[in-house]
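Have a look at the model below before reading on. We will walk through it together, one region after another.

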Amino acid sequence: AICITTNGIVKANGALVMGAGIAKQARDKFPGLDMHAGWCVNRWGNRCMNLKMVRHTSIVSFPTKHDWRNPSSLELIKISANQLVEMADKFEWRQIILTPPGCGNGGLSWNDVKAILEPIFDDRFIILRG
């Protein structure tokens, strides 16, 4: 699985706001992903969700903030990390890749985020750091 960091704001047209960072890259690479993600957030809330399958790889939302205008939330990252572990167990994912959540446009320090993630993630989780 590959995770994209997201927020919980759905625009009037039904698309999830995916205007920067990894979310923008995913939106641009997979046309319609923002509309599908918006539909999912409207239906199930701002949580980790399997958004798309690409060549046997799941594209998964990983919320780090509720509103794109605000900084990322350590508490939401903790909730998302636990949800992601549940999904990994359920779908038997052997490898889950993500960038340091909340550390780019979210404004958080990697040391703070790492302290949240280390007790939750196991060796299936790969965090790509530039």
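What follows is a tour of this predicted model, from a central helix to the cores, the cysteines and the charged pairs.

Let's begin with helix α3, which runs over residues 74-91. Its 18 residues reach 25 Å from the first C-alpha to the last, close to the 26 Å expected at 1.5 Å a residue. At the N-terminal end, Ser73 acts as a cap, with a side-chain oxygen 3.3 Å from the backbone nitrogen of Glu75. Just past the other end of α3, Glu92 takes a positive phi of about 55°. Many positions along the helix are hidden from solvent: Leu76, Ile77, Ser80, Ala81, Gln83, Leu84, Val85, Met87 and Ala88 are buried. An α-helix has 3.6 residues a turn, so residues three or four places apart point the same way. What lies over the buried residues of α3? The cover includes the strands β1 (2-6), β2 (49-54), β3 (57-63), β4 (96-98) and β5 (125-127), along with helix α4 (110-117).

From here it is a short step to the nonpolar interior. The largest nonpolar core holds 21 residues, and Phe62, Leu84, Trp93, Ile96 and Phe121 are those with the most contacts inside it. Two or more residues come from each of β3, α3, β4 and α4, with α3 giving the largest share, six residues. A second core, of 14 residues, lies apart from this one and has Leu16, Cys40, Val41 and Leu51 among its members. Back in the largest core, Phe62 makes a good place to zoom in. Beyond its neighbours within four places in sequence, Phe62 is in contact with residues including Ile4, Cys48, Ile77, Leu84, Leu98 and Phe121.

Next, consider two residues that carry polar side chains. Thr64 sits in the loop between β3 and α3. Is Thr64 buried or exposed? Its relative accessible area is 4%, under the 20% limit, so Thr64 counts as buried. Its contacts farther than four places away in sequence include Thr5, Thr6, Ser73, Leu76, Ile77 and Pro101. Asp34, in helix α2 (residues 33-44), is also buried, with a relative accessible area of 15%. Gly14, Ala15, Leu16, Met18 and Arg27 are its contacts once neighbours within four places in sequence are left aside. The C-alpha atoms of Asp34 and Val10 are 9.0 Å apart, although 24 residues separate them along the chain.

What about the cysteines? A search of the whole structure finds zero disulfides. For Cys48, the nearest cysteine sulfur is that of Cys3, 6.6 Å away; a disulfide would need the sulfur atoms within 2.5 Å, so Cys48 is in none. Cys48 is buried at 2% relative accessible area. Cys103 is in no disulfide either, with the sulfur of Cys3 the nearest at 14 Å, and at 24% relative accessibility Cys103 is partly exposed.

Finally, the charged pairs: the count comes to six salt bridges. Asp67 and Arg69 meet at 3.0 Å, N to O; Asp67 is buried at 15%, whereas Arg69 is exposed at 54%. Lys114 and Glu118 pair at 3.9 Å, with Lys114 partly exposed at 32% and Glu118 exposed at 54%. Between Asp122 and Arg124, the closest N and O atoms are 2.8 Å apart. Here Asp122 is partly exposed at 34%, while Arg124 is buried at 16%. Salt bridges with shared partners also link Lys24, Arg27 and Asp28 into one network.

Methods: Residues are numbered from 1 along each chain as its sequence is written. This is a predicted model: local features need pLDDT of at least 70, side-chain atom pairs count only at pLDDT 80 or more; totals for chains, interfaces and linings use all residues. Side-chain values use heavy atoms; hydrogens and water are left out. Helices (H or I, at least four residues) and strands (E, at least two) are DSSP runs, numbered from the N terminus. Buried means under 20% relative accessible area, exposed over 50%, partly exposed in between (1.4 Å probe, protein chains only). Contact means heavy atoms within 4.5 Å. The expected span of a helix is 1.5 Å times one less than its number of residues. A polar contact is a pair of N or O atoms within 3.5 Å; within protein, one must be able to donate a hydrogen and the other to accept it, and residues adjacent in sequence count only if both atoms are side-chain atoms. A nonpolar core is a set of buried Ala, Val, Leu, Ile, Met, Phe, Trp, Tyr and Cys residues joined through side-chain atoms within 4.5 Å. A salt bridge is a side-chain nitrogen of Lys or Arg within 4 Å of a carboxyl oxygen of Asp or Glu.
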